[in-house]
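Please look through the sequence and the structure shown here before reading on. The paragraphs that follow are meant as a guided walk for someone who has not met them before.

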Amino acid sequence: MTTPRDSSTSLADLAGEPTAVAVAAPAEGEARDSRRVTGIRLVIAIVSVVVLMFPMYWMIRTSLAPTSELSDLPVALWPKNWLWHNYTDPWHQFPFARWLKNSVVIAVVSVVLTLAINLMAGYAFAKLRFPMRNALFLLIISTLMVPIQVIMVPQFQMVIDLHLLNSNWGVIIPRLAEAFGLFMARQFFLAMPDELIEAAKLDGAGHFRTFWSVVLPLSKPLIASLVIFTFMWRWNEFVWPLIVLDDPNAYTLPVGLQFLISQFSTNFGPLLAMSFLSILPMLVVFAFFQKYFVEGVARTGLK
Amino acid sequence: MSHLDRRSFLLTAGLTAAAGSLAVCSSGSNGTSSSTSGSTGSASSSASGGSSTAAPLSGTVTLTTWGSDQEVAAFKKIAADFKAARGAEVTVEVLPYDQIRTVIDRRLQAGNPPDLFRVSYTDVSGYASNGALADLSDAMDSAFAGQFFPALWNAVTMDGAPVGVPHHTDTSAIAYNKAHFAKAGITSVPDTLEGAWTWDEFVAVLEKLKGAVPEASPFAFNYQLYGAYRWFNTLFQAGGTVLDADLKNVTLNTDQAKKALSWTQSLYTKGLHAPSVLVKRPTYPDEIFPTQKISMIQTGDFLIPSLDAAIGKKFDWGVTYLPRDAAAATDLGGNAVVVTDQAKNKEAAIEFAKFLVTADNMKYFCEQTTVLPVRNDLVDAKLDFATRPDLMPVFQKQATTMPDALVKTTTMSAFPAINQALVDNMDQFLSNSSASVDSVISGLTGAIQKAL
Amino acid sequence: MAASAARRAERRAGLFMVSPALVVFSVFMFVPIGMTFWYSLHKYSGFGRMRWIGTDNYATILSDHTFWAAAKNTILYTAITVPIGVVAGLSAALLLNRWMPARGLFRALFYVPVVISGVASGIIFLRLFDPLLGILNQIMTSVGLPSIDWQGSGFWALMSIIIVSTWQGIGFGMVVYLAALQGIPREVYEAGIVDGAIGWKRFRHITWPLLRPTTFFLVVYSIIGSFQVFDVVYVLTRGGPGTSTTFLVQYAYDQGFNQRKQGYAAAIGVILYVVVLLFTLVQWRVTKDRDEA
């Protein structure tokens with residue numbers, strides 16, 4: 001599980017070894033197809049990427065052009081006039097900066113709290129014996145697939161009673177009950193050799209010391225995956241914020257975007273400009289940490 | 001000339017109200033209100049102000065509304081005047097139209113609603129029957145009530161107690177792209193109510209448009225979501241009704257209703273109606289019309305300013321009357337402003353509600369936003385509409401064709417559920433040419449009957 | 001008694017470390033699930049009074065056409081998107097498993113849609129699918145194809161949701177399969193070559209059976225995902241036209257927060273919960289049997 005990885009940071013290198021966790025043979029010994037087969041695969045890959053990326057390209061293209069330029073064919077692939085004000089105007093018209101700030105605060109705080117809760121619980125469920133351990137774990141895991149719509153009615157009332165409506169905490173706290181991260185953490189700790197923990201105990205360390213100074217330092221891949229996934233889920237989350245946030249100043253980016261849909265209607269330029277800005281932070285995070293995305297998926301998927 | 005139109009509009013409104021309350025003789029009530037309108041007109045602002053103390057107010061009240069730029073600006077201007085006259089600050093909060101109901105509902109649930117909010121006549125009873133609105137009986141006596149069109153005053157009362165003020169009314173007519181009409185060789189457009197196209201003539205016009213302007217859809221209705229009931233225009237044009245005279249039974253299983261349904265569906269199947277403009281999705285034809293992808297739309301007068309701004313000098317456009325079949329008919333639109341029961345600054349909120357509907361302020365609002373007033377004393381007033389005043393007479397004349405029965409249906413407390421029945425059932429029928437008229441009738445009848 | 005003292009310490013530590021999770025799950029998951037049952041026995045507009053109506057909401061569900069349409073759509077959508085997702089993910093993984101120039105970049109680009117929010121994806125495709133202003137129809141008509149009514153036809157509206165979901169999901173399936181493919185030792189293939197297993201035969205008889213646990217995981221994960229599809233529907237179709245893209249989660253939301261029927265929404269939630277729970281139990285059962293086999 002813990003194959004050492006090189007520390008290169010270029011996009012292609014990182015992406016080139018996304019599944020280092022599971023790679024059986026080192027890359028240089030990899031078997032290669034014949035040139036013809038590779039060539040065919042390359043062509044298919046290029047065509048697929050062109051198709052898959054077209055919506056992204058069209059988003060950027062639309063965001064830079066006046067609607068009139070795009071409504072009649074043939075549309076030039078490159079904008080004739082660069083309309084940067086699609087990117088700047090909405091900041092003045094709408095509290096876009098507030099939405100950005102709310103999204104950042106919610107994502108970051110959620111990451112920190114989720115990490116703390118899931119690492120501790122995941123470790124305890126995997127390595128410590130205590131009463132009802134399996135029953136409690138199963139109970140929690142049974143909520144893995146429960147959609148938010150099952151509990152939204154009472155949970156909304158609860159948020160009202162706690163006076164958390166329109167606050168970042170109203171979005172953050174109820175969503176800490178997230179079984180996926182806990183599951184991921186437990187799977188990771190299960191695979192960790194008991195000898196390490198026993199050795200620490202023989203040195204006289206208590207459970208918390210062991211957890212803090214022996215286990216956590218060995219859990220960096222898990223922590224990285226948890227950080228990335230929690231960040232992504234909270235950053236992109238829509239239904240729950242849509243329910244608890246009704247004040248435009250309290251919106252997160254996705255809720256703000258759906259607000260903008262009705263504001264801009266057929267004026268797609270600024271709408272897509274703001275959509276692009278809203279996903280940009282996520283794309284940057286992905287570009288830098290993609291191997292952890294992949295590892296996180298692989299870890300839960302394989303076990 | 002427009003003087004006469006407004007008078008005839010009042011006639012309809014007066015008749016409607018009289019039919020609603022059997023005790024009142026229709027011609028009498030209508031005669032009194034127009035004969036006294038001259039005198040109350042000058043006295044109105046002092047009268048309404050005088051009905052309560054004009055003591056200075058303090059604090060802030062929040063008015064939550066949706067609106068075009070012009071509507072928001074008009075609200076803000078009146079709010080500033082209120083601050084100058086009465087001392088209380090009014091914050092105007094603007095939300096998108098298709099979200100405002102959900103947001104207000106949620107804030108009511110959280111015990112944190114705005115002091116006042118703008119609401120369509122059709123939605124007032126939904127709030128009032130859940131106890132969300134303040135009883136304003138103490139602040140608004142019968143003299144105050146008597147200033148407004150009776151039918152619309154009734155729409156803002158719950159069991160006789162006022163919960164808000166009627167603010168304005170609006171209605172639908174047809175807007176068309178003159179360039180497309182020229183291309184299609186359509187030279188004569190009806191300029192009188194009596195000369196409005198029949199359905200057959202209307203379809204012929206659409207066919208011409210379809211042939212001449214293939215890159216655009218000929219037509220689209222404005223019956224999306226909360227406006228789903230605007231389909232009733234078509235129903236009433238065919239001579240149909242939604243409910244019987246007692247408002248107890250659904251009357252959609254009639255030849256007239258079937259004709260209206262088939263006709264509407266046929267516009268889609270013949271490619272005469274913009275295919276994606278249906279009922280359930282917030283795709284509003286007035287947002288597409290300026291892009292010239294639709295040649296002609298059924299639209300509300302309150303959209304004139306935003307249409308004018310979006311179209312600019314791109315093309316010439318005009319308005320004409322809704323087509324007619326057995327009868328002419330158009331919908332009762334318009335909005336009230338209501339005060340919430342949990343308002344934090346109820347006194348100032350009530351005063352602002354009254355201030356909004358003084359003769360001067362109502363006149364100002366209507367002029368700026370091209371809608372029609374609902375005060376008896378403004379019936380004969382000359383309104384200087386700020387945008388495209390040339391278009392308004394058509395809407396004013398069209399307004400006289402609001403069917404009595406439709407106005408009654410529109411303002412009843414089951415109406416939100418009736419509208420929802422349309423939202424839930426019409427798409428299936430309109431978007432699928434093999435869907436049968438009988439199945440949509442039974443779907444609508446079942447859902448509406450359940451709501452009564 | 002050092003051993004039992006150590007055990008007590010372990011027990012204390014364990015309980016302490018799971019306690020934050022237990023608190024959070026109790027308050028924001030288990031209690032709300034219980035309360036959902038309770039709400040489902042009431043008529044409640046959200047504001048106004050709450051009224052006990054027993055099992056009336058459930059009786060209403062039985063005869064609620066929209067509910068059954070939503071249930072049917074949810075199943076149909078799941079039955080279409082899950083296989084497509086599996087095939088597309090596996091194809092992408094096979095395509096990008098072995099060496100080729102810029103392989104890392106290709107993998108990254110395939111994965112990009114996964115990290116984009118449902119709302120932003122919805123907006124992007126709203127622009128593409130727009131029947132009047134959208135580029136897709138403009139391209140189609142310019143090459144002489146009929147333009148597709150993406151929002152006006154029930155069939156195409158559902159297709160548009162499926163297309164967006166597939167676009168969002170390919171990268172995830174690809175990564176899951178890549179990890180599994182690279183976990184297959186080369187010796188297995190080398191042994192296969194001796195037996196003459198190459199090309200399709202090799203895939204059919206060696207690769208595919210070895211990928212079975214991965215496929216199972218992906219299928220389960222995708223079914224969960226497809227039961228929760230909301231964001232894209234909310235932006236693209238609002239469940240329309242009619243009920244053709246109304247799914248259960250979306251219907252529950254609409255009833256609770258747009259139609260002022262929170263009790264009814266809770267009853268739909270209860271049914272959703274029961275379905276999800278049954279599904280979870282079946283999945284555990286299968287996993288357990290497989291692990292023991």
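The model is predicted, and a convenient place to enter it is the contact between two of its chains, which takes 85 residues from chain C and 89 residues from chain A. On the chain C side of this contact, the largest share comes from helix H1 (residues 2-39) of chain C, with 20 residues. Sorted by class, the side of chain C that touches chain A holds 62 nonpolar, 15 polar and 8 charged residues.

From this contact we can turn to the nonpolar cores. The largest nonpolar core has 160 residues, and those touching the most other members are A:Ala121, C:Ile123, C:Met174, C:Tyr177, C:Leu248 and C:Ile268. Helix H7 (residues 154-182) of chain C gives the largest share of this core, 16 residues. Domain 1 (11-85) and domain 2 (90-302) of chain A both contribute residues as well, and the core therefore lies between these two domains. To see one of its members in detail, take C:Leu248, which, when its neighbours within four places in sequence are left aside, is in contact with C:Ala70, C:Ala71, C:Thr74, C:Ile268 and C:Leu272. There is also a second, separate core of 138 residues, which includes B:Leu95, B:Ile174, B:Ala260 and B:Ala329.

That second core leads on to chain B. The secondary structure of chain B comes to 19 helices and 11 strands, and of its 452 residues 57% count as buried. Among the contacts in chain B with a separation of 6 or more, 78% are between residues 24 or more positions apart. Helix H14 (residues 346-356) of chain B is mostly covered, with 9 of its 11 residues buried; among them are B:Glu351 and B:Lys354, along with B:Ile350, B:Phe352 and B:Phe355.

Within chain B, 5 strands form an open sheet of mixed pairing, in the order E2-E1-E3-E11-E6. Strand E2 (89-94) and strand E6 (164-168) of chain B stand at the edges with a single partner strand each, so one side of each is left without a neighbour in the sheet. Neighbouring strands of this sheet are turned against each other by 25° on average, direction ignored. Following one pairing more closely, strand E1 (residues 60-65) of chain B joins E2(B) in the parallel sense over 6 bridges, and B:Thr64 has B:Glu93 in E2(B) as its bridge partner.

Helices accompany this sheet. Helix H3 (residues 69-86) of chain B lies across E1 and E2 of chain B and runs at about 165° to E2(B). Helix H5 (residues 121-128) of chain B also packs on the sheet, where it touches strand E3 (116-120), E6 and strand E11 (335-339) of chain B, its direction making about 125° with that of E3(B).

The helix H5(B) appears again when chain B is viewed by its domains, for the chain is divided into domain 1 (2-168 + 334-382) and domain 2 (172-331 + 408-451). Between them, 17 residues of domain 1 of chain B are in contact with 16 residues of domain 2 of chain B. On the domain 1 side, H5 and helix H7 (150-155) of chain B each supply at least two residues, and H5(B) gives the most, with 5 residues. By class, the residues of the side of domain 1 of chain B that touches domain 2 of chain B divide into 4 nonpolar, 11 polar and 2 charged.

How values were computed
Residues are numbered from 1 along each chain as its sequence is written. Chains are lettered from A and ligands numbered from 1 in the order in which they are written. This is a predicted model: local features need pLDDT of at least 70, side-chain atom pairs count only at pLDDT 80 or more; totals for chains, interfaces and linings use all residues. Two strands pair if DSSP finds at least two bridges between them. Helices (H or I, at least four residues) and strands (E, at least two) are DSSP runs, numbered from the N terminus. Axes are lines fitted to C-alpha atoms, for helices over the stretch in contact, and angles run from 0 to 180 degrees between N-to-C directions. Two residues are in contact if their C-beta atoms, placed from the backbone, lie within 7 Å. Domain bounds come from an automatic or database domain assignment. Ala, Val, Leu, Ile, Met, Phe, Trp, Tyr, Cys and Pro count as nonpolar, Asp, Glu, Lys and Arg as charged, and the others, Gly among them, as polar. A nonpolar core is a set of buried Ala, Val, Leu, Ile, Met, Phe, Trp, Tyr and Cys residues joined through C-beta atoms within 7 Å. A residue is buried if 20 or more other C-beta atoms lie within 10 Å of its own, exposed if 12 or fewer, and partly exposed in between; C-beta atoms are placed from the backbone.
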